[in-house]
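Here is a quick tour of one model for someone who likes to see the cut-offs along with the claims. Have the viewer open as you read.

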Amino acid sequence: MTGPSPAVAAARSAVRATLAEQDLLGERVLVACSGGADSLALAVAARFVVPRHRGTVGAVVVDHQLQSGSRRVAVQAAERCGVLGLDPVQIVSVDVANTTGGVENAAREARYAALFDAAAQTGARAVLVAHTRNDQAEQVMLGLARGSGTRSLSGMPSARPLTRARPSQAHVAGHDAGPILLVRPFLGLGRGVTEEICAEAGLIPWRDPHNQDSRFTRVRARRMLDRWDGELGPGVVESLARSADLARVDADTLDHLSQEAYAAMGPMPWSVHSLSAHPAGIRTRLLRAMALAGGAHAGALGSTHLRALDDLVLRWRGQGPVDLPGLVSAYRERDRIWLRSSIPS
């Protein structure tokens, strides 16, 4: 009797290892399924692994309502999850508002909010999403294009707390089993593996037209990766994903050291002498933490703001306050840094 194919074995091993690492074996989890090859393959692997460790696995399908026929696609994805044996399976429709962050960002926020609600309602400890090594490489490329720092270049972690960016309309009271995690078991697997699994299982995945729409930044990044792979030789995806792993170790270390330093700084005002004693990698993180504690908006707080704050510490020549996003200002008096609201009285 032959065992599973290499693709199936790799997927099962990835799911088992990631769940064990996050202490989720034996727990209820959900698979976020779009009906595409990656998420269907994840559903196949999770359905095999989770019950063998006395856990339960369901699925949630998010209908973003951004394309004609999206409801039909969602129903088909839910039906396939049901046939595979996932239970419960639910479809959640969301409204995506095209904000200043763009459709991609708004869709992501709406999706994660829906995933959080679905997990809370079903008592799931985690939601599994099917980001692959290719997605990780694309994330690193986008970070490079934006000129981002170490944390952004570290890509996506294998697990993180799932939070809700939008106010919830769902009743989630009573979910007290601890934080809900967003888990990515497939970050070490290439996209080709998921295609093989679907073919072996007799599943015909949905091909999202948006994955060919060059209006979306991620689609352009994907095409550029393909070009790099052809011109620089195979292995670009693996190299970028490996770079993300290395950057994440460094970013985690710097974050840990800066958290310790922040706790030691005490309450405002903050000593210029103490701040300047830290190396730039720690000091920048300290200044960011201080700005956020003072009410600055995290999403809009960028490197320009942090450089201006650093100038208050290292290159102060009597310059005035630094305006931060969120109607907050930072200013220096003698050897102290202060933050104050800049809302007009």
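Strand β9, residues 328–333, has 5 of its 6 residues buried, so the rest of the structure largely encloses it. Buried here means under 20% relative accessible area, with over 50% called exposed and anything in between partly exposed (1.4 Å probe, protein chains only). Strands are DSSP runs of E with at least two residues, helices are runs of H or I with at least four, and both are numbered from the N terminus. Bear in mind that this is a predicted model, where local features need pLDDT of at least 70 and side-chain atom pairs count only at pLDDT 80 or more, while totals for chains, interfaces and linings use all residues. Numbering runs from 1 along each chain as its sequence is written, and side-chain values use heavy atoms, with hydrogens and water left out.

So what sits beside β9? Two strands pair if DSSP finds at least two bridges between them. On one side, β8 (residues 322–324) pairs with β9 in the antiparallel sense, and on the other there is an antiparallel pairing with β10 (residues 336–341). The two hairpins line up like this:

| Hairpin | Bridges | Residues between strands | Opposite residues | Positive phi |
|---|---|---|---|---|
| β8 and β9 | 3 bridges | 3 residues | aspartate 323 and serine 329 | glycine 326, near 105° |
| β9 and β10 | 6 bridges | 2 residues | tyrosine 331 and tryptophan 338 | arginine 334, about 55° |

Tyrosine 331 has another partner too: arginine 340 lies over the face of its ring, 4.1 Å from the ring centre. A charge sits over a ring if NZ of Lys or CZ of Arg is within 6 Å of the ring centre and within 35 degrees of the ring normal. Arginine 52 does likewise with phenylalanine 48, its charged end being 3.7 Å from the centre of that ring.

Now for the nonpolar packing. As a rule, nonpolar side chains in soluble globular proteins tend to be buried together. A nonpolar core is a set of buried Ala, Val, Leu, Ile, Met, Phe, Trp, Tyr and Cys residues joined through side-chain atoms within 4.5 Å. The largest one has 39 residues, and Val31, Leu128 and Phe186 touch the most other members. Elements giving two or more residues to this core include α1, β1 (28–32) and α3 (70–84), but α2 gives the most, with 9 residues. Another core, of 22 residues, lies apart from it, with Ala296, Leu301, Val322 and Ile337 among its members.

Valine 15, in helix α1 (residues 6–21), counts as buried because its relative accessibility is 0%. Beyond four places in sequence, valine 15 touches Leu42, Ala45, Ala46, Val49, Pro185 and Phe186, where contact means heavy atoms within 4.5 Å. Leucine 42 is 27 residues away in sequence, yet the C-alpha to C-alpha distance to valine 15 is 8.1 Å. Phenylalanine 186 has its own contacts outside that sequence window, including Ala11, Asp38, His131 and Thr194.

How many disulfides does the structure hold? The count is 0, using a cut-off of 2.5 Å between cysteine sulfur atoms. Cysteine 33 is in no disulfide, and the nearest cysteine sulfur, in cysteine 81, is 3.6 Å away. Cysteine 33 is buried, at 2% relative accessibility. Cysteine 198 is buried as well, at 1%; the closest cysteine sulfur to its own, that of cysteine 33, is 8.9 Å off, so it is too far for a bond.
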